[in-house]
Amino acid sequence: MQSIDSLHDFFVRTGAEVKLYHLGRRVEPCPLDTLRELEQDERPWPAPWQGQARLAMVFRVGDLDDPLIWFLALPLDEQGMLDPAPRDAFLQRLLETLGRNVEGLGREDSSGIDNLMKDNPLAFTPSTTFQAMLHARASHDLDQPASQHLEPVEAYLEGQQALDWRALGLQGLADFASRMDTDQQKRLADTLPTLPDEVLVSLCYCLEHVAIGDELADALRQRGEKAAETGDIEGFCACVRAVSGAEATWVGDWYDALLADTEACGPDLLAAMAGRGWHHLEDGQRLPRFLLRLAEEPRADFTAVARDLALIPRLRLPVLMTLRDAEPASAIGRRLAGLSR
């Protein structure tokens, strides 16, 4: 019998029905091959978050009726590659639980798997919004119905029924964001200007995980700019986060306008761009401008944000080159000089 040396091996050898989801920067599907490439040191993790590869593993194994869910945060090194020791310790515990015989795994053999997260140093608890979006995405991907909260949310957001917005559930908003079609996006764009602030923010925290069209993105920009004018920083940044799934040119134009406004570039806005819109920073002019604004903002943790961006494979070289080429007298140069003292 072949040995099981990785999580990928475990899922393949057990014949598990498995779906993986990124839980770092966005809730989005993760191909099983991406995990294999990480575990075999073939590629760095594509979407690291705070030095970890954060994953949800939704799977059925053996005769289990309901899928199990593992939330694992795999430590990464400075190159974004796997630190294998914690993973190996978890695998050893997993194999001991199964008695090392994973072939022909049945209900009795798999009964202890769901207890592996207890006292597990790799386990973590995602935020409430991430959990809601994971449930929404996984239910959709597994051809299961949405939660019972979806119907009232659809009726409210599309103006079909007047409801007390406080009765809307976060899970319903997540289901709506995950399943909305083009027509629903257009109707949401029409409704967006009148949404209560509390609904807007919760909805935006769901929309930031999905692709959206230009019409809805434009409505979010208008609502965000209105929020900024009234001093509603939370609403403004929520809209900035929500448009991260829009078309690259459209988002880039707004980011450029925001980065050109030194007064707008507070720590919350910069965190929103780096945390959810990192892929829109892959631009020869936008990334240096972003890092400059980050260095100029005294309330921002320049080192932590720059390091986190540098762990993203597509941004690593551009970030390092920008830091290397910074003039000593520039804001970036002064930040770097402070680190060396």
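1. Start with the charge over W49: the charged end of R276 sits over that ring, 5.8 Å from its centre. Keep in mind that this is a predicted model, so the contact is a computed one.

2. R54 does something along those lines with F124. R54 lies over the face of the F124 ring, and the distance to the ring centre is 4.6 Å.

3. On to the ring–ring contacts. The count of aromatic pairs comes to nine. One of them joins F11 and F59, with 5.3 Å from centre to centre and 70° between the planes, which makes the pair edge-to-face. F11 belongs to helix 1 (residues 7–14) and F59 to strand 3 (residues 52–60), so this pair ties together parts that are 48 residues apart in sequence. As for accessibility, F11 and F59 are both buried.

4. Where do F11 and F59 fit in the wider set of ring pairs? They are members of a cluster, linked through ring pairs, that also takes in F10, W70 and F90.

5. Now the cysteines. How many disulfides does the model have? The count is zero. Take C206: the nearest cysteine sulfur belongs to C204 and is 9.3 Å away. A disulfide needs the two sulfurs within 2.5 Å, so C206 is in no disulfide.

6. Is C206 buried or exposed? C206 counts as buried because its relative accessibility is 0%. C30 also counts as buried, at 4% relative accessibility. The cut-off behind both calls is under 20% relative accessible area.

Terms used
Residues numbered from 1 in each chain as written. Predicted model: local features only at pLDDT ≥ 70, side-chain atom pairs only at ≥ 80, totals over all residues. Heavy atoms only, no water. Buried < 20%, exposed > 50% of the residue type's maximum accessible area, 1.4 Å probe, protein only. Phe/Tyr/Trp six-rings, centres within 6.5 Å; stacked < 30°, edge-to-face > 60°. Helix = DSSP H or I, 4+ residues; strand = E, 2+ residues; numbered from the N terminus. Lys NZ or Arg CZ within 6 Å of the ring centre and 35° of its normal.
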